[in-house]
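User: Please take a close look at one part of this model, and go through its geometry and surroundings in some detail. Then tie that part back to the rest of the chain, informally is fine.

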Amino acid sequence: MQDERAKRIPTGIESLDPVLAGGVPKGSVILLVGEPGAGNREFVYSSILFSSKLKEKGVENQKVSLPEEIAYTTFTRLSSSIAEELELSFKGDITKDIENKVNFIDLSEIYFELSAVPTGWYSSTSVIERFQKKSDSVGIVSKLAESLQNHPKNSMIVIDSITDIATENTTASEWKDLIGLLRGLQRVSKKWESVIYILLSDGILSDSRLIEIADCCDAMITFRWEESSARKRQRVMYFEKFRGVMPHLEEKDLVKFAVRITPESGFEVSNIRVVI
């Protein structure tokens, strides 16, 4: 009987999963660093949409394992606005009933609690309820850790985005707490046998802090814009590192991919580009 730990969790992206031998290794914490509009968010959107479709249909490949749960954690955005963005971005029945297929976790009340944002902008609860929550509340990093423990094993989890809290936790002790959480997450994700996507905006953090965060992750994939020969901008995806995957990609010179995004198919590897 095949070891469950050797199975992979599909990304759901048809043009990419075959390159990854069916998907990504269980227990992978994957950092997705992107320039504005370059594709890291569309990668995540496509992954949750098409993975939910795969869960409906099932797969016969014994080397892959579909996620028990697909969870999407956000610090500043409403689940309804994410669902609306998905519906506006993609065509067909890809997004049908997505709010019931994905477990959206909204941590915005804690995120905004100590900000200058008016309470009515992020909360509809009463003053008494907010006071009770505030008296029982913990920091956003601790709350994130708490929420991550509530998912079943073999899940696909999205954290959107670490940018929101990395730029808030600027003191030495706050940064230490965030890095401690990420290192703990990298360790426990193997026990959970889950795949965790962490979104991060490129150019927001200093190089040294980006390296610290990347060091806490099993994989780092960057999404950038490049000028093509026709003087058109082209989205490009780079595999900077990937535990258990990089040797196979480098053996075939497959570490840099040209990407396109379409309303019908979402994120696609349209042309695999070799690096010589």
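Analyst:
**Helix H8 and its surroundings**

Let's start where the helix stops: just after H8, Glu193 takes a positive phi of about 55 degrees. Keep in mind that this is a predicted model, and the angles and distances below come from it.

Now the helix itself. H8 runs over residues 172-192, which makes 21 residues. Is its length what you'd expect? At 1.5 Å a residue the span should be 30 Å, and the end C-alpha atoms sit 29 Å apart, so the two figures agree. That doesn't rule out a kink: H8 bends by about 30 degrees at Gln186. Gln186 is also one of the buried residues of the helix.

Which residues of H8 are buried? The list is Trp175, Leu178, Ile179, Leu181, Leu182, Leu185, Gln186, Ser189 and Trp192. To read the spacing in that list, recall that an α-helix has 3.6 residues a turn, so residues three or four places apart point the same way. Trp175, Leu178, Leu182, Leu185 and Ser189 are among the buried positions.

What covers them? The cover is drawn from several places along the chain and includes strands E3 (29-34), E6 (156-160) and E7 (195-201). Helices are part of it too, including H6 (140-148), H7 (162-166) and H9 (207-215).

The stretch leading from H6 to H7 has some backbone features you'll want to check. Asn154, in the loop between H6 and E6, has a phi near 65 degrees, a positive value in a residue other than glycine. With a relative accessibility of 7%, Asn154 counts as buried. Further along, Asp160 and Ser161 are joined by a cis peptide bond, with omega at about -10 degrees. Ser161 belongs to the loop between E6 and H7.

For contrast, take a positive phi elsewhere in the chain. Asp97 is not a glycine either, and its phi is near 60 degrees. It sits in the loop between H2 (79-89) and H3 (98-101), but its accessibility is 43%, so Asp97 is classed as partly exposed. Glu99, in H3, is partly exposed as well, at 41%. Beyond its sequence neighbours, Glu99 touches Ser79, Ser80, Ala83 and Phe104. The C-alpha atoms of Glu99 and Ala83 are 6.6 Å apart, with their positions 16 residues apart along the chain.

Back to the end of H8, where there's a link to the start of the chain. Pro25 sits in strand E2 (residues 24-25), and its relative accessible area of 12% makes it buried. Its C-alpha atom is 9.6 Å from that of Lys190, although the pair is 165 residues apart in sequence. Pro25 is in contact with Arg8, Val195, Phe242, Arg243 and Val245, leaving aside neighbours within four places.

Arg8 comes up again with Val64, a residue of the loop between H1 (40-57) and E4 (70-74). Here the C-alpha atoms are separated by 4.6 Å, across 56 residues of chain. Val64 is buried, with a relative accessible area of 9%, and its non-local contacts are Lys7, Arg8, Pro10, Gly22 and Val59.

H1 makes a handy comparison helix. Its 18 residues should span 26 Å, and the end C-alpha atoms are 26 Å apart, which agrees. Phe43 is among the buried residues of H1, as are Val44, Ile48 and Leu49. H1 too is followed by a positive phi, about 80 degrees at Gly58.

Phe43 also helps to line a cavity, along with Thr11, Leu16, Leu20, Val24, Ile30, Tyr197, Ile221, Phe239 and Phe242. How many cavities of 30 Å³ or more are there? The count comes to 1, and the largest has a volume of about 30 Å³. Its lining has 9 nonpolar residues, 1 polar and no charged ones.

Zooming out, the protein has 10 helices and 11 strands, and 49% of its 276 residues are buried. Of the contacts between residues at least 6 apart in sequence, 69% join residues at least 24 apart. The Pro25 and Lys190 pair, 165 residues apart along the chain, gives you one sequence separation to set beside that figure.

Conventions: Residues are numbered from 1 along each chain as its sequence is written. This is a predicted model: local features need pLDDT of at least 70, side-chain atom pairs count only at pLDDT 80 or more; totals for chains, interfaces and linings use all residues. Side-chain values use heavy atoms; hydrogens and water are left out. Helices (H or I, at least four residues) and strands (E, at least two) are DSSP runs, numbered from the N terminus. The expected span of a helix is 1.5 Å times one less than its number of residues. The bend at a residue is the angle between axes fitted to the seven residues ending there and the seven starting there. Buried means under 20% relative accessible area, exposed over 50%, partly exposed in between (1.4 Å probe, protein chains only). Contact means heavy atoms within 4.5 Å. On a 1 Å grid over the protein atoms alone, a cavity is a set of points where a 1.4 Å probe fits but cannot get out, and a pocket is an open set with protein on both sides within 12 Å along at least five of seven lines; lining residues have an atom within 4 Å of a point. Grid points are joined across faces, edges and corners, and a volume is the space filled by probe spheres set on the points. Ala, Val, Leu, Ile, Met, Phe, Trp, Tyr, Cys and Pro count as nonpolar, Asp, Glu, Lys and Arg as charged, and the others, Gly among them, as polar.
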